[in-house]
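New to this one? Here's a quick briefing to read alongside the sequence and the 3D view.

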Amino acid sequence: MTKPSIKDEISKLVQLQNIDVKIFALSKEKIECPKILDAIVSEFESKKMMLKSLEDSKQKSILKQKDKEGELAGKEEAVKKAQGQMSLLKTNKEYQAKLTEIEGFKADMSLIEEDILKLMDVIDAAKKEIESEKNNLVNEEKKFNEKKNIYNNRIKEIDGQIVDLTGKRKILTDSVDKMILKQYEHILHGKDGLALVKVKDNSCFGCHMTVPHQVVNEIKMYDRLITCGICARILYLEEDVNL
Ligand SMILES: [Zn+2]
């Protein structure tokens, strides 16, 4: 078995790394998309819930108004009944007492009527607010659907791009030495999709730490793959790579 030219292999790995950087970024974005979609859905749901709670509270006020109207009718009935009893009364004292009773009922009625008027105001205001919220929600739904479409389309686009890049990747990996590819991929998965980095001005482009001269000299020998002593990524010198 002939030993692969390390320089040639590194040139192929540089191309491979360019593809893998894109695949990694796209995969990461693809993971984020459903989370963003969920957030958009729950934002819209909470707006719908707000409208629902406005409608519930309007409904409560309507029921309260009905109760008050029933109460009012009861008092009216009581007044009529008391008035009907007036002709049967024998003494002035009884007559005065009945009059006081009727006045009491009427005072209650005017309080109840005030409550009903207040409730009617509350219901009117609620109706207006609901109307405006409904209009709002129509716009929000439009925006929601637009956002949802953008993200769903982006997910499809990402899938297409990943398929395309994976195809290109396969062609490249077929030409890379198997042992070197294995080492590269091992680092790739452990290092957030970045396995191969250049050294420039004695600095590692993976971890930005200083690469000793001795290590740079070792890279230049191209006898084996040299990795960064700090971040463990494969190192290369840009000027030595033929692309
Ligand atoms: Zn490093």
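Which helices each supply at least two residues of the lining of the largest pocket? They are α1 (6-85) and α3 (178-190). Keep in mind that you're looking at a predicted model. Below, we go through the pocket, then the domains, then a small set of strands, and finish with one residue in a helix.

**The largest pocket**
- Let's start with its volume, which comes to about 150 Å³.
- If you want to find the largest pocket in the viewer, pick out the residues that line it: Asp20, Ile23, Phe24, Ser27, Arg169, Leu188, His189 and Gly193.
- Helix α1 provides four residues, the largest share of that lining.
- Sorted by class, the lining is a mix of three nonpolar, three polar and two charged residues.

**How the chain is divided**
- The protein chain splits into domain 1, covering 11-176, and domain 2, covering 195-240.
- Measure from one C-alpha centre to the other and domain 1 and domain 2 turn out to be 60 Å apart.

**Strand β1 and its partners**
- Strand β1 takes in residues 196-200, and four of its five residues are buried, so the strand is largely enclosed by the rest of the structure.
- On the parallel side of things, β1 is joined by three bridges to strand β3, which is made up of residues 234-236.
- One pair to look up here is Leu196 with its bridge partner in β3, Ile234.
- Strand β2 (residues 203-204) also pairs with β1, this time in the antiparallel sense and over two bridges.
- For that pairing, look at Val199, which has Cys204 of β2 standing opposite.
- β1 and β2 make a hairpin, with two residues between them.
- Asp201 sits in the turn of that hairpin, and its phi is positive, at about 50°.

**A closer look at Gln17**
- Gln17 belongs to helix α1, the helix that also gives the largest pocket four of its lining residues.
- Is Gln17 buried or exposed? Its relative accessibility is 4%, and buried means under 20%, so Gln17 counts as buried.
- Leaving aside residues up to four places away in sequence, Gln17 touches Tyr184, Leu188, Gly193, Leu194, Ala195 and Leu196.
- Among those contacts, Leu188 and Gly193 also turn up in the lining of the largest pocket.
- Leu196 is another of the residues that Gln17 touches, and Leu196 is the β1 residue bridged to Ile234 in β3.

Conventions:
Residues numbered from 1 in each chain as written. Predicted model: local features only at pLDDT ≥ 70, side-chain atom pairs only at ≥ 80, totals over all residues. Heavy atoms only, no water. 1 Å grid on protein atoms, 1.4 Å probe; cavity = no way out; pocket = protein on both sides within 12 Å on 5 of 7 lines; lining within 4 Å. Points joined across faces, edges and corners; volume = space filled by probe spheres on them. Nonpolar A, V, L, I, M, F, W, Y, C, P; charged D, E, K, R; others polar. Domains from an automatic or database assignment. Buried < 20%, exposed > 50% of the residue type's maximum accessible area, 1.4 Å probe, protein only. Pairing = 2+ DSSP bridges. Contact = heavy atoms within 4.5 Å.
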